[in-house]
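Visitor: I should like to go through this structure by question and answer. Please begin with the terms that the discussion will need.

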Amino acid sequence: MKKTLFLLLLLPLLAQGKGLKDTYRRHFLIGVALNTRNVNDDRQLIIRNFNSVTCENAMKPAEIHPAEGRWNFREADSIANFCRAHGIKMRGHTLLWHAQFADWMYTNADGTAATREEFLRRLHDHILTVVSRYKDVVYAWDVANECVADGGPTPYRDTRHYRLLGLDALRYAFRYAREADPNALLFYNDYNAFQPAKRDRIYNMVRQLKEEGTPIDGIGLQGHYNIYGPDMALVDTALTLYSTIVPHIHITELDIRLNNDMGGALDFQRQAQPATPEQLEAQKKQYRDLFRVLKKHRKTVDCVTFWNLTDRDSWVGPTNQATLFDTEGRPKPVYDVVNH
Ligand code: G3I
């Protein structure tokens, strides 16, 4: 009798099949970037498919530390507590970035520009506070994000932190993160990290910083792709090159959009339009080709994170249908292409 009851309880789970995290358990963690709505409304979908979580915005300096001495941990704590309750590890995102940064750190209370020392004191306080608060659940941090130029005469993006400190901003940020959590994996994270020119700039910068003793454990390739590119052979080449200087590579923000907004600013608000069969086939091919490359590099690729859970949440809007789940949170046909 008990055995029959057990099987009856087990059958629905078996019928559901394996979630993404089970399918890739022998290869790498499968992660997702979440907002607080997700942890209220989409709990089962997350638990079944993912074993790593990134806060889409809640841990960014502008959100969590909006002014000197003022902290807003509510949203980050909500997502971190969900992960703690369900044994899900987290990626911290991010500590040093030109966008959504705590720009008040560059200016003193009297309105004068902060010196290097004044800025670094604030950055140290920020990193020690945030990294220490979540060190029990966060296993990896995007310490520095998007510091390499896409093109132009200098290899580095012309940011406020670069103008004030040059590469010292990254040297100190990584050292502060290591001081706060000796066990966390510390990543440099960027987009278009497959493009040969940018790939080589990232490679040269990370190699130089590591040779000088900066504690960098990994490189994050964001993975914001579309149905027209990249050719995943470029990602393959980049992973091979990066793995010669770091033991850990993460795909940190994966989505493959239909590019329905091609030509203009990304349209975040338009409703999802029916995709053409050609677009859907192209998207499946991109996801299929990418995961074939990632499985080839499973010795160094140890986490693949999707950016946003559903098309409803996607930063490129539902029109681009970039995720594996539709606006109602239902798996799309492309989910089965990835989950096999
Ligand atoms: O928090 C404010 C809120 O107070 C205000 O009422 C509202 C209306 O303006 O804006 C809210 O801030 C928004 C923020 O997301 C939090 O929701 C910003 O306007 C909006 O620009 C911001 O967009 C985020 C974007 O980063 C900012 O650059 C996206 O959600 C997020 O998905 C995206 O993620 C980045 C990664 O962190 C780094 N790699 C690129 C990726 C895509 O840009």
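Guide: Helices and strands are here DSSP runs, with at least four residues for a helix and at least two for a strand, numbered from the N terminus. The model under discussion is predicted.

Visitor: In which strand is the place of Thr94?
Guide: Thr94 is joined to His93 by a cis peptide bond, with omega about -5 degrees. Most peptide bonds are trans. The residue range 89-96 includes Thr94, and the strand is E3.

Visitor: Where does Pro230 lie, and what is omega for the peptide bond from Gly229 to Pro230?
Guide: Pro230 is placed in the loop that runs between strand E7 (224-226) and helix H11 (232-242). The bond linking Gly229 to Pro230 is cis, and its omega is near 5 degrees.

Visitor: How many helices and strands does the chain have?
Guide: The C-alpha atoms occupy a box of roughly 70 × 45 × 40 Å along the principal axes. Within the chain, the count is 13 helices and 9 strands.

Visitor: What radius of gyration does the chain have, against that of a compact globule?
Guide: For 340 residues, a compact globule would be expected to have a radius of gyration near 20 Å. The chain agrees with that expectation, its value being 20 Å.

Visitor: What percentage of the contacts in the chain with a separation of 6 or more comes from residues 24 or more positions apart?
Guide: Buried residues account for 57% of the 340 residues in the chain. The chain exposes about 14800 Å², of which carbon and sulfur atoms supply 54%. Among contacts with a separation of 6 or more, the share from residues 24 or more positions apart is 76%.

Visitor: Is Ile216 buried or exposed?
Guide: Ile216 is found in the loop between helix H10 (196-211) and strand E6 (218-221). Leaving aside residues up to four places away in sequence, Ile216 touches Phe174, Leu186, Tyr188, Val206, Leu209, Lys210 and Val246. Its C-alpha atom is separated by 5.3 Å from that of Leu186, 30 residues apart along the chain. The relative accessible area of Ile216 is 2%, and because buried means under 20%, Ile216 is buried.

Visitor: What is phi for Gln100 and for Gln321, and which of the two is buried?
Guide: Most residues other than glycine have a negative phi. Gln100, in the loop between E3 and helix H7 (116-134), has a positive phi of about 45 degrees, and Gln321, in the loop between strand E9 (301-306) and helix H13 (333-338), has a positive phi near 45 degrees. Gln100 is partly exposed, with a relative accessible area of 27%. At a relative accessible area of 11%, the buried residue is Gln321.

Visitor: Which residues are closest to the ligand?
Guide: The ligand is surrounded by 14 residues. By class, its shell holds 3 nonpolar, 6 polar and 5 charged residues. The closest are Glu56, Lys60, His93, Glu253 and Trp307.

Visitor: What percentage of the area that the ligand exposes taken alone does the protein bury?
Guide: An oxygen atom of the ligand is 2.7 Å from a side-chain N or O atom of Lys60. Nitrogen of the ligand is also placed 3.0 Å from a side-chain N or O atom of Glu146, and 3.2 Å from one of Gln222. Taken alone the ligand exposes 800 Å², and the part that the protein buries is 48%.

Terms used
Residues numbered from 1 in each chain as written. Predicted model: local features only at pLDDT ≥ 70, side-chain atom pairs only at ≥ 80, totals over all residues. Heavy atoms only, no water. Near = heavy atom within 4 Å. Polar contact = N/O pair within 3.5 Å; in protein donor to acceptor, adjacent residues only side chain to side chain. Areas by Shrake-Rupley, 256 points an atom, 1.4 Å probe, with all protein chains shown as cover. Nonpolar A, V, L, I, M, F, W, Y, C, P; charged D, E, K, R; others polar. Rg over C-alpha atoms; globule rule 2.2 N^0.38 Å. Buried < 20%, exposed > 50% of the residue type's maximum accessible area, 1.4 Å probe, protein only. Contact = heavy atoms within 4.5 Å.
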